[in-house]
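Please open the model in your viewer and keep the selection tool at hand. The stops below are meant to be taken in order, each beginning with something to select.

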Amino acid sequence: MNINNYDESRVISKYPVIVIGAGLGGLGAACQLVLRGEKVLLLEKHNVPGGFATSFVRGRFEFEGALHELSDIGTKNNKGTLYRFLERLGIVPNKLEFVQVPEFYRSVFSDGYDITIPLGMEEYTNKLIELFPSEKRGIEEFIEMCKAVLAGILFIASKGGRFTPQEVLKEHPWIPRISGLTLSELYKKFFKDEKLMAVISQLWGYIGLPPSRTNAYTYIAMLIFYLNWGAAFPIGRSHSLTTSMVKAFEELGGEIRYNALVDRILVEDGKVSGVKLLNGSVYLCKAVISNVNPICTTMKMLPQDVVPDSYKKMIYTPEIGPSGFSVYIGLNASYRDLGFTAHETFINDLYDTNKAFENFKKLESPKYMVAACYNHIYEDISPPGTTQLVLTTLQMGKLWQNIAPDQYFHLKDKIADGMVSLVENTICPEIRDYIEVAVAATPLTYYRYSKNMEGAIYGTTQDVTNGPLLRLKSRGAIPGLYQVGAWTNFGGGFSTTLLSGRIGAGLYLGDKIKGRI
Amino acid sequence: MEKEIMEDVKKYQKAEKLKKKREEVAPLPWYYDGLENLSNRIHPEKQSLLVTDIEFLSHDTKLFRFVSAKLDKPLAPFRAGMYVGLTVDINGVRTSRPYSLVSSPNQLSYYELGVRKKEGGFVSPFLFENVKIGDIFEVTEPLGNLYYNPIFHGKDLVFIAGGCGITPFMSMLRDISEKRLPLNIWLIFGSLTERDILFRGELEDIQKRRSNIKIKYILSEPTPGWKGECGFISKEKILSEIASIENKYFFIVGNRAMYQFVDEELKALGVPKHRVYYEAFGVPDDITRVMGWPREIDVSKKVQITVEFRHHASKEKIVIEGSCIEPLLNSLERSKELKVEIASGCRSGECAYCRTKMVSGKIFVPPEVTIREVDKDFSYIHPCISYPITDIHLDLTLT
């Protein structure tokens, strides 16, 4: 035995760097590292990669686990950064195919208001002006602002960290301006019509906070990426994206182990020295990139005496964001006959997003949710003549902490039933007559598969005190430890989580060059 | 304009200060649950069970009662109709089989499992003959998709059971009866002879006390003196019992031959596909009689299974013998040289616990088993239900 209390005979091998977790953040990091020629071991506790980006089978349906619309992919003539990353990995164009989502989203409200919003900068602008002609000027200015934000983001990205705040303020003032504003505060500069704001805000569930609390930077960045590069979906579901990344990682010399649950991060002289698995196996290393959420990494995997209190405060201060509640439905009928006219439909029981958000703090059915009907863009996602429909809403995971275990299934069924009723009342009155499979995922399910605290799907809340500039960065609690995933950098969502992995890997590589590791 | 920009920027600086201040005053928690407790309670990785009671249900079927072997670990809750994967160690061979929970989900002080002794079987004769009170077993968390789903099953349910297939329905009927759920149930229960009707006393008691539960016994090999229904569970018998198929949801649990027969009968009655649920089929008694089996295969043929795995720091490679009419997992479990354990639960290809990388070879999988598309593309298989029809190369070094 030694300082870290592990059995020396259980040391399996040694790597310069180990990545814990083959979720999107971990895969982003692992792939970035092998592209730079690093020798990497990737450890995954499940027997499949992907984290939330996976799929599962029920009966004759294979359900997409999490992805609705992938951003930052683009087209052949306008490639997004994520697409270019996949290109460098040799995944696209030959090993993975994407389909483009034709429209941005459809929104239905319980009063019958039903609109479909197109993708594309011009189409989007024109549609908003057509729907709200009196707000024409505000809409145009709003879009100009969005474009200015995009220019600012591209400027910052191009500088690779070498820029001064003064420079940004001078050249791209919208970036610092919107960083401290809520989305509602930003709207006030452009619009008067509440309905217009409701329509633009429909994606608020992707962030997890209503406009009155969402950091404007986070929302505008997401919006402008969709408008500029469109939305895509990988053939084979998100699981084919993550599996392709693992394959590319292995082909570039990386090694992966499944069923490898890391129990402890080993420390020597205050620095990372290895990891110990639950089964007792030990891998030595100089650096760990953790895709496990920072709270779990810091409080459960590290020896507590090495963690500075200041770091603990940093990870505990931001509020933990909402978890998800999803109902995966297989229908024995075609979507064409059921009234699902778009890939992504936001269903609203009310216009007031604050009230809808308050509802996420109760163990009740939601007032706002999204219905993804994949067959539109991906006919073969389910057997001929059937439809795959996934209803997703948000819910604070904490609510489930104190329920009686024997009430779990009852509560799960009750909330799922309410979500199906919302579809019944707005889009498809006869939906229940065609259901072949209906399985729900609760915050507990999200916790169980990701170990994210409270099952949070986007990490900590992205309010004004926790926007992209102020959010936890990749530098971990002790030297040699790096955090990636939705809890860090630019927050939750597929492309931003993948990006966080690349950022974490970059930080490690920088430290290595500087001789810090 | 300049002023407005500065005002906005000040807001950012204020947010930054607010964040710093919050960090300064934040208390340091000593423990953070984050849903870990509930997760361990509902989805324990493993459960350790102690046999407290054994009872004959019939001449060839026993009921085992288990309590949690660990005082601090209560049994996981379940939905009536679910099963657990029970691990057994028979002469050094570690394997598992799924068994439906028979007991009511409304109490978690014990689980009950019913086991019918299958002649020529490996696990069930062992359980039937050897298990005694005080023995300890490891089981999975409750699994499975056979349960009443209020979202779409409606109020009228038809349970069709064959033999030992009554076990999940017992749990469901106990639940419905105890909670007085407002459901209408028709149980059509096929057995061989009168002495094979399991739980008859309790079923008759439930039927007497609950007018919403109707039970029909059908015997395929009745002895003289049986006054009830005889023969197979045909469409005529089903219809005469339930009057109409309208708005009814059908659950079927039995053996593969019964599934195939009842499936045709329900189709003939016009029951739509999405209103019928079949319990996981399990491993067929005779794979060569399953639809799609490649007839040209010589069933006596032995195949070579090459397995690469890791044992501590070293990579090892072994070759074991397998049979094309037996699932790969069974051969792997019998090998004394394979030093890794492959998790398993359902033995039907639905739980994905045993997902394994196949480097080369050809397998046969029964047609009802659905596997992830990507797993097909990247050649991952479920060895619990995969039959090797050529030599096979498996890579377990990834785990």
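The tour of this predicted model goes from the contact of the chains to domains, helix pairs and single residues.

**The two chains together**

Begin by colouring chain A and chain B separately and selecting the residues at which they touch: 60 residues of chain A are in contact with 46 residues of chain B. On the chain A side, look for helix α16, residues 408-426, which gives the most to this surface with six residues. If you then colour the chain A side by residue class, you should find 28 nonpolar, 16 polar and 16 charged residues.

**Domains of chain A**

Hide chain B and colour chain A by its domain assignment, in which domain 1 is made of 8-53, 237-318 and 470-513, domain 2 of 68-118, 230-235 and 319-459, and domain 3 of 120-227. The centres of domain 1 and domain 2 of chain A, taken over C-alpha atoms, are separated by 28 Å, and the contact between these domains joins 25 residues of domain 1 to 20 residues of domain 2.

Which elements of domain 1 of chain A give two or more residues to the side that touches domain 2? They are the chain A helices α1 (24-35), α11 (238-251), α12 (294-301) and α18 (494-513), and the largest share, six residues, comes from α11(A). By class, this side of domain 1 of chain A has 14 nonpolar, 10 polar and one charged residues.

**A helix pair in chain A**

Keep α1(A) and α11(A) on screen and hide the rest, then look at how these helices pass each other. Their axes come within 9 Å and cross at roughly 30°; because an angle under 35 degrees counts as roughly parallel, α1(A) is described as roughly parallel to α11(A). The crossing of α1(A) with α11(A) is left-handed.

Now show the side chains of L27(A), A30(A), C31(A) and V34(A) on α1(A), together with T242(A), M245(A), V246(A), A248(A) and F249(A) on α11(A), since these residues make the contact. Eight of the contact residues are nonpolar, one is polar and none is charged.

**Two loop residues in chain A**

Next, centre the view on P93(A), in the loop between α2 (81-88) and β7 (98-100) of chain A, and inspect the peptide bond that leads from V92(A) to P93(A), which is cis with omega near 5°.

From there, move to E454(A), in the loop between α17 (443-450) and β20 (481-483) of chain A. Phi of E454(A) is near 60°, a positive value in a residue other than glycine. Is E454(A) buried or exposed? With 27 C-beta neighbours inside 10 Å, E454(A) counts as buried.

**Chain B as a whole**

Bring chain B back and hide chain A. The C-alpha trace of chain B spans about 100 × 55 × 50 Å along its principal axes, and its secondary structure comes to nine helices and 19 strands. Of the 399 residues in chain B, 38% are buried; among the chain B contacts between residues at least 6 apart in sequence, 71% join residues at least 24 apart.

For a sense of scale, select E24(B) in helix α1 (residues 2-25) of chain B, and draw a distance to E296(B): the C-alpha atoms of these residues are separated by 75 Å. E24(B) itself is exposed, with 10 other C-beta atoms within 10 Å.

**Domains of chain B**

Colour chain B by its assigned domains, with domain 1 at 45-139, domain 2 at 156-278 and domain 3 at 302-395. The centres of domain 1 and domain 3 of chain B, taken over C-alpha atoms, are separated by 26 Å, and eight residues from each of these domains take part in their contact. On the domain 1 side, strand β4 (residues 93-100) of chain B gives the most, with six residues, and this side divides into two nonpolar, four polar and two charged residues.

In the loop between β3 (83-90) and β4 of chain B, select N91(B). N91(B) is not a glycine, yet has a positive phi of about 50°, and with 6 C-beta neighbours inside 10 Å, N91(B) counts as exposed.

**A helix pair in chain B**

For the last stop, select helix α6 (residues 235-242) and helix α7 (residues 256-269) of chain B, which pack at an angle of about 60° with their axes 9 Å apart. The two helices, α6(B) and α7(B), are therefore oblique to each other, and their crossing is right-handed. The contact is made by K235(B), I238(B) and L239(B) of α6(B) and E265(B), A268(B) and L269(B) of α7(B), with four nonpolar, no polar and two charged residues.

Notes
Residues numbered from 1 in each chain as written. Chains lettered and ligands numbered in written order. Predicted model: local features only at pLDDT ≥ 70, side-chain atom pairs only at ≥ 80, totals over all residues. Contact = placed C-beta atoms within 7 Å. Helix = DSSP H or I, 4+ residues; strand = E, 2+ residues; numbered from the N terminus. Nonpolar A, V, L, I, M, F, W, Y, C, P; charged D, E, K, R; others polar. Domains from an automatic or database assignment. Buried ≥ 20, exposed ≤ 12 C-beta atoms within 10 Å, placed from the backbone. Axes fitted to C-alpha atoms, helices over the stretch in contact; angles between N-to-C directions. Parallel < 35°, antiparallel > 145°, perpendicular 65-115°, else oblique. Left-handed = near helix turned anticlockwise from the far one by under 90°.
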